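Trainee: I would like to learn how to read burial, helices and an interface from a model. Where do we start?

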Amino acid sequence: MIAIFLKRILLAVPVLFAVASITFFLIKIAPGGPFDADKAVSPQVLKNLNEAYNLDASNWEQYVDYMTGLIQGDLGPSFRFPGRSVTEMIATGLPVTFELAFYAILIALVMGVFLGVLAALKRNTFLDFIPMAIAMIGICVPSFLMGPLLVLIFGINFELLPVSGWNQLPGDKILPSLTLGFAYAAYIARLSRGGMLEVLNQDFIRTARAKGLAERIVVIKHAMQGGLIPVVSFLGPAIAGLLAGSFVVETIFQIPGLGRFYVEAAFNRDYTMILGTTIFFSAMIVFFNLLSDLAALWMNPRSRDV
Amino acid sequence: MKNNSLWSDAIYRLSRNRAAMLGGFVLVILVICAVLAPWIAPYSYSFQDLNLGASPPSSEHLLGTDILGRDLLSRILYGARISLLVGFVATGVALVIGVSWGIVAGYFGGRVDTIMMRIVDVLYGLPFIIFIILLMVIFGRNLWLLFGAIGAVEWLTMARIVRGQVIGLKNQEFVLAAQAMGVSNLSMFKRHLLPNILGPIAVYATLTIPQVMLLEGFLSFLGLGIQPPMSSWGTLIKDGVESMEEYSWLLIYPGITFTITLFALNFFGDGLRDALDPKTSDN
C-alpha cells in the first residue's frame, strides 16, 4: 500500500511539471501582450511595464524564472491587479471555493447515498423509480440552468432566500451549495444503487442474513462497505468536476471564489493569473484523485495486502 | 451471420424499450427541425421586430421575443443547429481519436500498451475544462477549435473501452487466422476488429453526445463558447438568465428544449446499451 502511494506521488511530480511547462509556453504563444487591451499607452510606459514584469527577457529566461518561483510557491504578480500577487489572490479565493465545494459534496453524499441505497433495497418498487427519476433530472438539468431556476423560484417568486452573495446575508449559502451539489447527488445515487445491487447478491450477505443479523446491520456494516466503493472512487474525479462547476455557480451567485477569479482572468487575459490557477487546480485535482484512489483501495479488502 | 443476428436482436430489444424509442423519436424530430431550420423557422434568427422588444408568447411569436425583439422560437431552432452540430462533430473527433488509440494499444499490447494507457491515466487526472478555457482564451473563440478542444477531452473513456474489447478479441481464432494469412495491421483493424466492437462504440458514442453538449452549453454560458451573432442553446440560456427577473420565458423555453434533448439522448443511449448488452440490463 505504501509502495503504491509512493509510486503515485512520484508520478504526480513530473505530471505537474509538464502541466506547468505546457501551460507556460501555450500562454507565451498567445497573440498579444497583457497590456494590449488597455487604453493606448505610450511606448515608453509600455517599455517600463515590460521591464517591470520581466517581459523583455527571453522566453527561456522567463521560464526558468517562473519555475524557480513556482517551487518556492511564488506564482508571480497579477497583470490586471497591480500590486497583488497571484498566490495572494488564490489564498483569498480558495477558502470560499473550498467551503462551497464542501457543502456541495456533503449534500451530494447525504442525498445520493441515502437515495441510492434506498433504491437498491426497494428495487423495482416506486421507492426505486422515484429516486432514480430524480437522479435522471439531476443529470439532465445542467448547473447553469438549475442555478437560475432555483433563484427564480426561491429567490424571486417566493422571496425565501437571497439570490446572490456569500456570507453576507443569512441563508445565502443554501442555493449555491444546492446547485453545485445536486448533479453530484444524482451521479452518486446511481453509483451507490449499482454498487449496492451487486454486493447484495453476494454470498457473504446471504450468510450474514442467515445467521440472523438485523437487516439494518447487514446493510450498514456489511453491504455498504463494499457497495459504496464506486462512490469513493468517483469522489476524486468529482472534485475536478466540482471545480469546473464552481466556475458557473460562483458566476451565477456572484461569489468571490477561485472559480470566478479564473473566469474573470480568462476574460481579462490576466495571463499570470490564468497560468497560476491552472497549475494550482491541476495540483489539487491530482492530489484528490490520489486520495480517493487510496480510500477506495483501503475499503476493498481484496486489495488491502497488495 | 452472427453479426446480423446480434444487430437484429438488438433492434428488436430496442424497439420494445418505450423510453428509448421515445428518446429516439424526439431526437429524430430535433435533427429534422435543426436541418430544416431556415425553412421552417417563422422568422430569421436575426430579424428584429422593433415595435416589440421583449414580448411574452403570442400568436405571432409562439414563444415570445427577446429583448431585441427577435423571435425566440426561431432562435431556438437555429440554436439547435449549432448545439447538435457541436454534439455530433465533437463526439466524432473523440470517436476517431479514442477508437484508434484503443485499438492500437489493445492489439499490440506489451510495452506499447503500457505507455499508451499510462498516458490516458495521466490525462484522466487533469482538469481538462481548464485547458479548454485556456485554449479558447489563447486562440480566440472559434467554432472549429471548440469542436477540436471538446473532442480532444472526451476520447479517454472511449480509448479504455475499445482497448478492453480488443484485448478480449485478439486471441480468438478469426484474428489468429487473419494473422496467419498475413493480413496487414491496417486491414486487421478495419475489417476484423472494428466490426466486432461497433456495439460498445455506438453505445458510448450516444452517451458522449449529451456530455459534449453540456460542455458546450457550459462554455457558452460563461461567454467562452459560441459567440454572437451565432447562438446555441447555451448562449440562449445565458441571455435568458440575464433577463429572467422580468422575462422569465426567455430562460424557461431554451432551458426546457435543452433538458428534453439531454433526456432523449440519455434514454436512447441507455436503451441502446441494454439492447446490445443484455447482461447489464438488470441494473
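Trainee: What percentage of the residues of chain B count as buried?

Mentor: A residue is buried if 20 or more other C-beta atoms lie within 10 Å of its own, exposed if 12 or fewer, and partly exposed in between, with C-beta atoms placed from the backbone. Of the 283 residues of chain B, 43% meet the buried criterion. This is a predicted model, where local features need pLDDT of at least 70 and side-chain atom pairs count only at pLDDT 80 or more, while totals for chains, interfaces and linings use all residues. Residues are numbered from 1 along each chain as its sequence is written, and chains are lettered from A in the order in which they are written.

Trainee: How many helices and strands are there in chain B?

Mentor: Helices (H or I, at least four residues) and strands (E, at least two) are DSSP runs, numbered from the N terminus. Chain B has 12 helices and zero strands. Its C-alpha trace spans about 75 × 45 × 35 Å along the principal axes.

Trainee: How many residues does each chain bring to the contact?

Mentor: Two residues are in contact if their C-beta atoms, placed from the backbone, lie within 7 Å. Chain A supplies 35 residues and chain B 29 residues. On the side of chain A that touches chain B, α12(A) has the largest share, seven residues.

Trainee: Which residues is I133(B) in contact with, neighbours within four places in sequence left aside?

Mentor: I133(B) is in contact with A266(A) and L224(B).
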